[in-house]
Amino acid sequence: MSPDGGLPEGRVCSHLTALPASPGTPYEVCGPCRARGWTWTRLRWCATCGHVGCCDSSRGRHAYAHHARTGHPVALSLAPDEAWAWCFVDEVFLVRVPGEDGSGSPY
């Protein structure tokens, strides 16, 4: 994991060991938005169950709603120009650094 310079020193994500190496092949839509006929800005993928929801800049904020409903801690960005994740529980921004620690976790 690469430290995020904007975070207070010592903040860590206690869920790093549970992160998958990649999201596999997630859906490329926010299901709850699609069901309502809404559009979304960016998609986030739940590292626990694979649920795809829209970001906080989107109308539905479905990634956060999923976390609030389930308690699943980490969402990864699915945007091709973003390589980060967010831990809702520990409030830590994770930056992808492939192969840094050899643990298999990309963060």
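The largest cavity holds about 60 Å³ of space. Start the tour there. This is a predicted model, in which local features need pLDDT of at least 70, side-chain atom pairs count only at pLDDT 80 or more, and totals for chains, interfaces and linings use all residues. Residues are numbered from 1 along each chain as its sequence is written, and side-chain values use heavy atoms, with hydrogens and water left out.

**Stop 1: the cavity**

A cavity here is a set of points on a 1 Å grid over the protein atoms alone, where a 1.4 Å probe fits but cannot get out. Grid points are joined across faces, edges and corners, and the volume is the space filled by probe spheres set on the points. The search of the whole structure finds 1 cavity of 30 Å³ or more.

Select R44, W45, C46, H51, A63, H66, H67, H72, V74, A75 and F88. They line the largest cavity; a lining residue has an atom within 4 Å of a point. The lining has 6 nonpolar residues, 4 polar and 1 charged. Ala, Val, Leu, Ile, Met, Phe, Trp, Tyr, Cys and Pro count as nonpolar, Asp, Glu, Lys and Arg as charged, and the others, Gly among them, as polar.

Now colour β1 (43–46), α2 (62–70) and β3 (74–77). Each supplies at least two lining residues. Helices (H or I, at least four residues) and strands (E, at least two) are DSSP runs, numbered from the N terminus.

**Stop 2: the strands**

Stay on β3 and add β4, residues 84–87. The two pair in the antiparallel sense over 3 bridges. Strands pair if DSSP finds at least two bridges between them. β3 and β4 form a hairpin, with 6 residues between them. Select A75: W86 in β4 stands opposite.

Next, add β5, residues 92–95. β4 and β5 pair in the antiparallel sense over 4 bridges. W86 stands opposite F93 in β5. Their hairpin has 4 residues between the strands, and there E91 takes a positive phi near 50°.

**Stop 3: the cysteines**

How many disulfides are there? The count is 0, where a disulfide is a pair of cysteine sulfur atoms within 2.5 Å. Select C30: the nearest cysteine sulfur, that of C33, is 3.7 Å away. C30 is buried, at 0% relative accessible area. Buried means under 20% (1.4 Å probe, protein chains only).

Finish at C46, back in the cavity lining. The closest cysteine sulfur, in C49, is 3.8 Å from that of C46, too far for a bond. C46 is buried too, with a relative accessible area of 5%.

Note on methods
1 Å grid on protein atoms, 1.4 Å probe; cavity = no way out; pocket = protein on both sides within 12 Å on 5 of 7 lines; lining within 4 Å. Buried < 20%, exposed > 50% of the residue type's maximum accessible area, 1.4 Å probe, protein only.
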